[in-house]
Amino acid sequence: QSAMNTQAVTLGDDGKYAASESLFVPLLAAAKRDLGADHPTTLRVMTSFGWMYRLQGRLPEAERLTRESLGRERRVFGNDHSDTQAAVNNLGIILSDMKRPAEAEPYYLEGLAVSRRTLGEKQPETLASRVTLAPFYLKPAERGKADPPPTQSLPPLPPPLPPPLLP
């Protein structure tokens with residue numbers, strides 16, 4: 001099932017949505033039937049299928065499937081698990097795509113908080129979460145809520161190496 005999920009994701013990423021969906025539909029049904037609705041593999045398929053719907057612009061279906069997978073992942077894995085946070089991030093993006101920023105923002109904030117707590121301030125995932133939140137704080141009245149730009153959190157570059165010694 002994992003190989004089929006990978007193939008379905010790849011087809012979706014390549015814009016071959018009908019082919020991707022033709023794999024996802026039976027794959028998700030089989031995973032639910034054979035493994036159970038809360039099995040990690042089933043949840044990964046569900047999250048991937050939701051993302052493929054988002055890529056197609058089928059946002060209501062993407063939201064429904066992603067909300068379902070997120071609810072199950074929170075129960076199965078907990079809030080700090082990477083699979084749960086992938087669904088949190090996906091749902092934030094889907095809601096943003098649906099022009100519902102007030103609903104999307106809490107998901108982005110959760111992703112940032114979990115990333116800071118579990119990975120640290122200077123990890124690429126944490127910095128990406130901060131960049132994702134930036135558009136929410138571009139209005140002058142909201143600028144005080146924004147984090148400093150991510151480049152302020154990066155360590156300074158090491159000094160350049162000396163030129164090589166020639167014989």
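Helices here are DSSP runs of H or I, at least four residues long, numbered from the N terminus. With that in hand, let's look at the chain. Read along the sequence, its pattern is α-α-α-α-α-α-α. That is 7 helices and 0 strands.

One caution before we go on. This is a predicted model. The mean pLDDT of the chain is 84. Of its residues, 81% reach 70 or more. Confidence varies between the elements. Helix α4 has the highest mean pLDDT, 96, and α7 has the lowest, 79.

Now some totals. The chain has 167 residues, and 35% of them count as buried. Its accessible surface comes to about 9700 Å². Carbon and sulfur atoms hold 61% of that surface. Next, contacts. Take those with a separation of 6 or more in the chain. Residues 24 or more positions apart account for 51% of them.

Let's start with helix α2. This helix runs over residues 17-35, so to speak a stretch of 19 residues. From first C-alpha to last, α2 reaches 25 Å. The expected value is 27 Å, at 1.5 Å a residue, and the two are close. Which residues of α2 are buried? They are Ser 20, Glu 21, Leu 23, Phe 24, Leu 27, Leu 28, Ala 30 and Ala 31. And what do they pack against? Three helices: α1 (2-13), α3 (40-56) and α4 (59-77). Right after α2 comes Gly 36. The phi of Gly 36 is positive, near 105 degrees.

On to the core. Here is the general idea. In soluble globular proteins, nonpolar side chains tend to be buried together. In this model, the largest nonpolar core has 15 residues. Those with the most contacts inside it are Phe 24, Leu 28, Val 45, Phe 49, Met 52, Tyr 53 and Leu 65. Who supplies this core? Helices α1, α2, α3 and α4 each give at least two residues. The largest share comes from α3, with 5 residues.

There is also a second, separate core, of 13 residues. Its members include Ala 87, Ala 104, Tyr 107 and Tyr 108.

Back to the rings. How many aromatic pairs does the structure hold? There are 2. Take Phe 24 and Phe 49. Their ring centres are 4.9 Å apart and their planes sit at 10 degrees, so the pair is stacked. This pair links distant parts of the chain. Phe 24 is in helix α2 and Phe 49 is in helix α3, 25 residues apart. Both Phe 24 and Phe 49 are buried.

The other pair is Phe 49 with Tyr 53. Why does this pair count as stacked? The ring centres are 4.6 Å apart, and the planes of Phe 49 and Tyr 53 are at 25 degrees. Planes under 30 degrees apart count as stacked. Both residues lie in helix α3, 4 residues apart, about one turn of the helix. Phe 49 and Tyr 53 are both buried too. Put the pairs together, and Phe 24, Phe 49 and Tyr 53 form a cluster.

Stay with Tyr 53 for a moment. Leave out residues up to four places away in sequence. Then Tyr 53 touches Glu 21, Arg 58, Glu 61, Ala 62 and Leu 65.

Helix α3 also holds Ser 48. Is Ser 48 buried or exposed? Its relative accessibility is 18%, so Ser 48 counts as buried. The cut-off for buried is under 20%. Again leaving out residues up to four places away in sequence, Ser 48 touches Asn 5, Val 9 and Phe 24.

Now a loop. Lys 99 lies between α5 (82-97) and α6 (101-118). Its phi is near 60 degrees, which is positive in a residue other than glycine. Most residues other than glycine have a negative phi. Lys 99 counts as exposed, because its relative accessibility is 69%.

Last stop, helix α7, residues 124-133. Ala 128 lies there. At 40% relative accessibility, Ala 128 counts as partly exposed. Ser 115 is 13 residues away along the chain. The C-alpha atoms of Ala 128 and Ser 115 are separated by 9.8 Å.

Technical notes. Residues numbered from 1 in each chain as written. Predicted model: local features only at pLDDT ≥ 70, side-chain atom pairs only at ≥ 80, totals over all residues. Heavy atoms only, no water. Expected span 1.5 Å × (residues − 1). Buried < 20%, exposed > 50% of the residue type's maximum accessible area, 1.4 Å probe, protein only. Contact = heavy atoms within 4.5 Å. Core = buried A, V, L, I, M, F, W, Y, C linked by side-chain atoms within 4.5 Å. Areas by Shrake-Rupley, 256 points an atom, 1.4 Å probe, with all protein chains shown as cover. Phe/Tyr/Trp six-rings, centres within 6.5 Å; stacked < 30°, edge-to-face > 60°. pLDDT = per-residue confidence, 0-100.
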